[in-house]
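Hi,

Here is the model I said I would pass on. Have a look through it first, and my notes follow underneath.

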Amino acid sequence: MKVTLALVIFSVLIGPTYLQLDFLSKTLRTYQFLIFNFAKLRLLGVINPSINGTTCAEDLKLFMDAAFKAEWWAVKMLDASGKFNPGVLQGNMKFLGSYDQCLGLQKDQAGVGLDTQYCTMLLKPDKNLEDFLYRNVIKAKANKRLMSTDLFKEYAVIEFGLCIPKSCTMDDLTNLWKRFQVLYQAPGYSEFSDKLCYSKNKKVVPSKFDIYVFWFFGVTLFVELACTVYDLYTRSQPRRLDILVNFSLYTNAKRLMSRNYENETLTCLYGLRSFCIIWVILGHIMLNKSLTSTNVLQMTTEWMGRLENAFFLGSVYAVDTFLTISGLLVVYVYLDYSDKYKLNFSLVYGHRILRLTPALLATVLLEMSVVKYFIQGPLAFPYLTTMATNCEKRGVDTLFFVSNAVERDERVRRNLNHLVFDLFFQCLRQSWYVSVDSQLYLLTPFMVFCFKRQPGKTFFGVVVVCLCSFVYTWMTVIKNNIGSLLFIDNNSEMVYFSPLCRIPVWLIGTCLGYVLYRHNHQKISIPKRVNYVLWILSMTVIIILTMYQTVLVREAHNVYRSAFSNTFCKPLWALAIGFIILSCCTGHSDPVNTFLSHPVFMLIGKLSYSIYLIHLTVIHVIVANKQQTDYFSTFGLLFDFWGYFVYILISATALCLVFETPTVSILRYLETYVANMKKKKT
């Protein structure tokens, strides 16, 4: 059978061209005739018993006759289907064919040819083939952690792109495969779905929410354009409605590009935010590119275990930097505000909700109803499923800042078990951080009150809470045998997304915020030698923790190592980052502070929230529109990053100008108005 199949493929690939050029001898022509007839009889043995009498069967027979006669439309149709490529043992399991070529074929005016459709066939190996591949591929690699037996079997799915007649239904394809499997004992089973098939005139099915979403964006853009026109035409007039100017794209763009610092003490935070958001983007590009690479097994078994690639894996610490900065700012800002005005707790929470919600809502609506119209191709289906569907079901959870508490949908996950990014059914997977940060933000009034009245006791209370969190995290990891690698280890989201496990990092930030607040009243002096020693210690901790990710990847799962990593690594990171901020903000590291305060970093820092919200959506759109898989490498990752980053920066700027900046401007306008009213009363 294997020899016959090889001869058929040889004949199909070289036959048509050389027949037309008349380069073959009469003997080779006779050989090809016999091979084609043999293959035709075998295929008819599959078609006739399974779908005989259907339009699909007639079209397939027409295609076979045309291919035998080397008709050009049939050759192009055959060429557009996927074929086995090199590198299968490195994880090249996507044989996509030519999507555009297939959809470009259709019956001409003379009735020659066929209307075609492109379908992706998912081929799941049976148990014997899975065991063979795992035994001979994975066990031969140095690193077995990222591709354990269960994980490999869960995601070992071969994808074939088939260019077939448009008349063939999913039932026809299923019956054909069942017959083929019976005759030739194929080592696997296949899945067919109408959602995995595309034709030239097939349109995206709109949801019931789409019309309202497009109206929402249309009205929003109209209002902001109208306010922009009003702003430009009334700039020279002494009296005008300032509240309308807050919606002007022109004025908001000037505010975004402004080099005026909101706080001269905390300028280094712009640089830290910029580096961390770039780190997050790089980590997410790495994950998404690996899913569509031709060497995914090599990437997960070798590349991720190399020490020089620890930087990419260490991007998980970027969110801990954000949490530290968040805790710092809420205490610093509100302590400073409480010196001038009476702190209203309801306004504290209201400010937070109004500050975050508009841009978050816009991103949810984009994923739910807009992005699907910009995605097409052989890799589009998994992204369309996880983006639009999840936001229709779980968008409310995201907007109420509880997306980190959503449990996995095991039933749906089993139906799409070949997709790593379907492990967590969240709308906006990156929104878990916004939820955790918002949940910890509920403690802000309490922390400000305590630091204001009893700072010494508050520091002691922070230590006690951190110790309790350490105990909780350690026991949770031990009890549930949790790993330390998200998307890889079972139940790792129990501690990764938990505010109870993240609270030490945020509390370290709040303590730092109080120290910097006190610095405004009583300058902090750090001896040069102590400053140098602490800098060396902090950088050593940062480097070790980053490289420690490689240890977690290389070594087999150990619950105590995992407990140590989940419990202590993030607080240690927060302490190291906290000292860097303290040293820069108190004037003990002027060169570093000057670098981190550069205007370029100021712009990216201002956009960091919008970048964080929109970046994964942009990455998904770019990856889903790919027509072919590519080879994963460090150089390719860094090279592609800049292209991704430009698209992300443009999208984030639009999101910021339309939704985030107007909201911030309105909040400042209201705060100024309320402050003026209080002054008039006094």
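To start with a single residue: is Cys-227 buried or exposed? Cys-227 is buried, since its relative accessible area is 7%. Here buried stands for under 20% relative accessible area, exposed for over 50%, and partly exposed for anything in between, using a 1.4 Å probe and protein chains only. Cys-656 is buried too, with a relative accessible area of 2%.

Some ground rules before the rest. This is a predicted model, where local features need pLDDT of at least 70 and side-chain atom pairs count only at pLDDT 80 or more, while totals for chains, interfaces and linings use all residues. Residues are numbered from 1 along each chain as its sequence is written, and side-chain values use heavy atoms, with hydrogens and water left out.

Now the disulfides. A disulfide is a covalent bond between the sulfur atoms of two cysteines. In the model, a pair of cysteine sulfur atoms within 2.5 Å is called a disulfide, and that rule gives four of them. Counting bonded cysteines along the chain, the pattern reads 1-5, 2-4, 3-6, 7-8.

Take Cys-56 and Cys-168, whose disulfide has an S to S distance of 1.9 Å. The link is right-handed, with 80° about the S-S bond. It connects distant parts of the chain, 112 residues apart: Cys-56 sits in helix H3 (residues 55-68), and Cys-168 in the loop between strand E3 (158-165) and helix H8 (170-184). For reference, helices (H or I, at least four residues) and strands (E, at least two) are DSSP runs, numbered from the N terminus. Cys-56 counts as buried because its relative accessibility is 0%, and Cys-168 is buried at 4%.

Another disulfide pairs Cys-119 with Cys-197, the sulfur atoms being 2.0 Å apart. This link is right-handed as well, with 120° about the S-S bond. Cys-119 is in strand E2 (residues 116-125) and Cys-197 in strand E5 (residues 197-199), so the disulfide ties together parts that are 78 residues apart in sequence. Both Cys-119 and Cys-197 are buried.

Then there is Cys-391 with Cys-427, joined at an S to S distance of 2.1 Å. Their link is right-handed, with 80° about the S-S bond. Cys-391 belongs to helix H17 (residues 380-399), whereas Cys-427 is in the loop between H18 and H19, and the two are 36 residues apart. Cys-391 and Cys-427 are both buried.

On to the backbone. Leu-428 is not a glycine, yet its phi is positive, at about 60°. Leu-428 is in the loop between helix H18 (410-415) and helix H19 (431-441), and it counts as buried because its relative accessibility is 2%.

Asn-481 has a positive phi as well, about 50°, and is not a glycine either. You will find Asn-481 in the loop between helix H21 (455-480) and helix H22 (493-496). With a relative accessible area of 45%, Asn-481 is partly exposed.

One more spot to click on: which residues does Ser-326 touch, leaving aside its neighbours within four places in sequence? Ser-326 is in contact (heavy atoms within 4.5 Å) with Tyr-433, Asp-437 and Trp-506. Ser-326 itself lies in helix H15 (residues 318-338) and counts as buried, at 10% relative accessibility.

Cheers
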